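Thanks for coming, everyone. Let me put the model on the screen, and then we'll walk through it piece by piece.

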Protein chains: 2
Amino acid sequence: MAEREVDRSVSQTVKAQLALRDQILSGSLRPGERISELQAVETTGASRTPVRMALVRLEEEGLLEAIPSGGFMVKAFSERDISDSIELRGTLEGLAARFAAERGVSARELEPLKECLAAIDELLRQVPISVDAFSSYVTLNARFHALLTELSRSPPLIRQIDRASALPFASPSGFVMAQSALPEAQQILIIAQEHHRVVIDAIENREGARAEAVMREHARLAVRNLRLALRNRTHLDLLPALALIKSATD
Amino acid sequence: MAEREVDRSVSQTVKAQLALRDQILSGSLRPGERISELQAVETTGASRTPVRMALVRLEEEGLLEAIPSGGFMVKAFSERDISDSIELRGTLEGLAARFAAERGVSARELEPLKECLAAIDELLRQVPISVDAFSSYVTLNARFHALLTELSRSPPLIRQIDRASALPFASPSGFVMAQSALPEAQQILIIAQEHHRVVIDAIENREGARAEAVMREHARLAVRNLRLALRNRTHLDLLPALALIKSATD
DNA sequence: TGAATACGTTATGTATACAATAACTCGGAG
DNA sequence: CTCCGAGTTATTGTATACATAACGTATTCA
């Protein structure tokens with residue numbers, strides 16, 4: 001064995017996967033760029049076998065694309081790919097909300113959602129919102145969406161939503177950060193929070209159709225805001241996740 | 001190198017993946033059963049590295065589940081998991097139909113869909129439908145759904161639908177075969193065909209909401225029929241794909 | 001001078017050896 | 001008789017060596 005430093009706390013495969021994902025999302029690896037296994041071995045510290053397993057997982061996750069002649073490259077996305085992904089996720093979350101409403105949710109299960117809601121309310125009281133508060137918002141928002149998804153009690157649906165969220169631009173942190181650069185950010189967040197409130201209310205009152213509708217509207221709001229953010233390209237360098245957008249790199 | 005027979009026409013990884021998937025779907029490997037790598041090496045003819053890559057892919061595909069202590073087991077599904085997956089797929093196909101309607105589709109692009117429709121009409125003229133005709137129907141139906149999905153022109157959505165369809169019970173062949181055992185099969189297929197007709201009409205007339213609604217109804221029909229099929233357990237041994245249902249194995 | 005082919009280099013696909021961990025069994029003690 | 005523990009075995013995780021295919025470069029021929 002070489003002088004390789006082996007971290008036994010997590011598996012080499014997971015370590016490599018996280019490291020490579022970071023490199024992709026941070027923009028170290030550009031869209032369309034081929035990923036060299038040897039290079040990945042050096043940067044991640046794992047050997048080729050776990051690196052290859054990580055590459056396969058990232059391909060299935062949608063961040064990488066297999067090259068026919070062999071190997072993998074960083075996938076490139078169009079602006080429409082991204083807005084479609086957001087709408088897709090909203091559609092799935094709408095289904096989750098409807099399932100939750102139709103199948104019934106106890107007050108105890110709604111408790112953490114309401115706590116999340118209250119915490120976000122607290123943050124939004126700041127005008128204008130600080131960068132730190134925005135960072136907290138991103139975390140809380142992600143937590144809210146994850147909890148809501150769980151309420152569906154449908155493992156296949158939860159799994160699929162996780163997949164849809166794996167695409168970074170569709171993840172809360174992705175598009176919420178995009179919105180943070182906008183002057184309209186505060187107003188947007190207030191509307192989004194209103195959606196959160198309505199979906200909980202609809203679930204409590206077992207109104208499946210209303211719960212579904214508001215989550216879809218929530219996604220449409222996000223799509224509109226993404227478009228706005230992409231028009232204001234001046235702020236886009238703040239958004240590493242959006243480095244994946246093909247057209248932005250040209 | 002041992003006396004191993006190496007088939008160089010396809011990659012060992014793909015070969016192993018196909019072989020293992022077959023074993024799972026055919027019921028050779030039962031739900032909850034642990035998959036031994038060594039055993040998989042023997043049955044697939046590939047070595048451990050490609051076998052492991054195949055296992056990772058099948059896990060991402062949803063057929064396998066990682067065991068915390070290491071290795072993989074065949075995933076087990078409840079009846080609700082399956083009906084949820086069908087509804088999930090219907091929801092995604094509804095979105096695809098809406099995208100197609102809203103974004104517009106040329107007559108030329110609709111041509112293959114209409115050919116598919118006509119071919120199915122031809123099959124359904126037989127009363128009662130033969131087993132061979134049913135087999136053809138499964139193929140044609142899968143083709144119709146695939147073509148419809150393509151019309152959305154949304155790579156992320158197409159990808160996600162493929163994923164949702166990877167779960168065999170949600171795939172056309174899976175649940176359509178389940179329906180084939182039912183005495184009501186013929187009537188069901190006629191209604192399903194009517195849905196196909198409506199969605200094409202809606203797309204032609206650029207009625208997004210109607211296109212989406214009919215695909216969702218299409219899925220709800222499938223869910224109802226799956227429930228019917230599961231009540232008639234006498235026919236279920238004909239349906240290897242449904243061997244994945246947890247409760248059916250008890 | 002340009003194009004095509006052959007050769008060399010590099011990177012991926014595959015196989016296997018080695019290491020570490022988890023499960024199982026057997027034995028002993030309470 | 002049961003429960004706990006140590007040893008052993010089997011299986012997975014990791015590393016690396018080898019095979020093969022693709023790409024780039026250089027040289028030669030037209």
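Chain A can be laid on chain B by a turn of 180° and a shift of 0.1 Å along the axis, with an RMSD of 0.1 Å. The two copies are thus related as by a two-fold rotation axis. The same surface serves both copies, as 100% of the contact residues of chain A recur in chain B. Keep in mind that this is a predicted model.

Now the DNA. Start with strand D.

How many residues surround DNA strand D? The count is 18, and the closest are Q12(A), S47(A), T49(A), R48(B) and R52(B). So what does the protein touch on that strand? Of the strand D atoms within 4 Å of the protein, 56% belong to sugar or phosphate, and the rest belong to bases.

Here are the polar contacts to look at. The side chain of S47(A) has an N or O atom 2.8 Å from a phosphate oxygen of DNA strand D. For T13(A), the side-chain N or O atom is 3.1 Å from a phosphate oxygen of that strand. R48(B) goes to a base: one of its polar side-chain atoms lies 2.9 Å from a base oxygen of DNA strand D.

Which elements give two or more residues to this surface? From chain A, they are α1 (12-26) and α3 (48-61). From chain B, they are β1 (34-35) and α3 (48-61). The most comes from α3(A), with 3 residues. By class, the surface near DNA strand D has 2 nonpolar, 9 polar and 7 charged residues.

Next, strand C.

There are 19 residues around DNA strand C. R48(A), R52(A), Q12(B), S47(B) and T49(B) come nearest. Sugar and phosphate make up 60% of the strand C atoms that come within 4 Å of the protein.

Three phosphate contacts are worth a look. R52(A) has a polar side-chain atom 2.6 Å from a phosphate oxygen of DNA strand C. S47(B) places a side-chain N or O atom 2.8 Å from a phosphate oxygen of the strand. For T13(B), the distance from a polar side-chain atom to a phosphate oxygen of strand C is 3.1 Å.

Elements giving two or more residues near DNA strand C are β1 (34-35) and α3 of chain A, with α1 (12-26) and α3 of chain B. Here α3(B) gives the most, with 3 residues. The classes are 3 nonpolar, 9 polar and 7 charged.

On to the sheet.

In chain A, 3 strands form an open sheet in the order β1-β3-β2, and the pairing is antiparallel. Which strands sit at the edges? They are β1 and β2 (64-66) of chain A, and each pairs on one side only. β2(A) pairs with β3 (residues 72-74) of chain A over 3 bridges, in the antiparallel sense. Within β3(A), V74(A) is the bridge partner of L64(A).

One last residue: E37(B).

It lies in helix α2 (residues 37-44) of chain B. Is E37(B) buried or exposed? E37(B) has a relative accessible area of 16%, under the 20% cut-off, so it counts as buried. Who is around it? Leaving aside neighbours within four places in sequence, E37(B) is in contact with R48(B), V51(B), R52(B) and L55(B). Two of those names came up earlier: R48(B) and R52(B) are among the closest residues to DNA strand D.

That's my tour. Over to you for questions.

Note on methods: Residues numbered from 1 in each chain as written. Chains lettered and ligands numbered in written order. Predicted model: local features only at pLDDT ≥ 70, side-chain atom pairs only at ≥ 80, totals over all residues. Heavy atoms only, no water. Near = heavy atom within 4 Å. Polar contact = N/O pair within 3.5 Å; in protein donor to acceptor, adjacent residues only side chain to side chain. Helix = DSSP H or I, 4+ residues; strand = E, 2+ residues; numbered from the N terminus. Nonpolar A, V, L, I, M, F, W, Y, C, P; charged D, E, K, R; others polar. Least-squares fit on C-alpha atoms with pLDDT ≥ 70 in both. Contact = heavy atoms within 4.5 Å. Pairing = 2+ DSSP bridges. Buried < 20%, exposed > 50% of the residue type's maximum accessible area, 1.4 Å probe, protein only.
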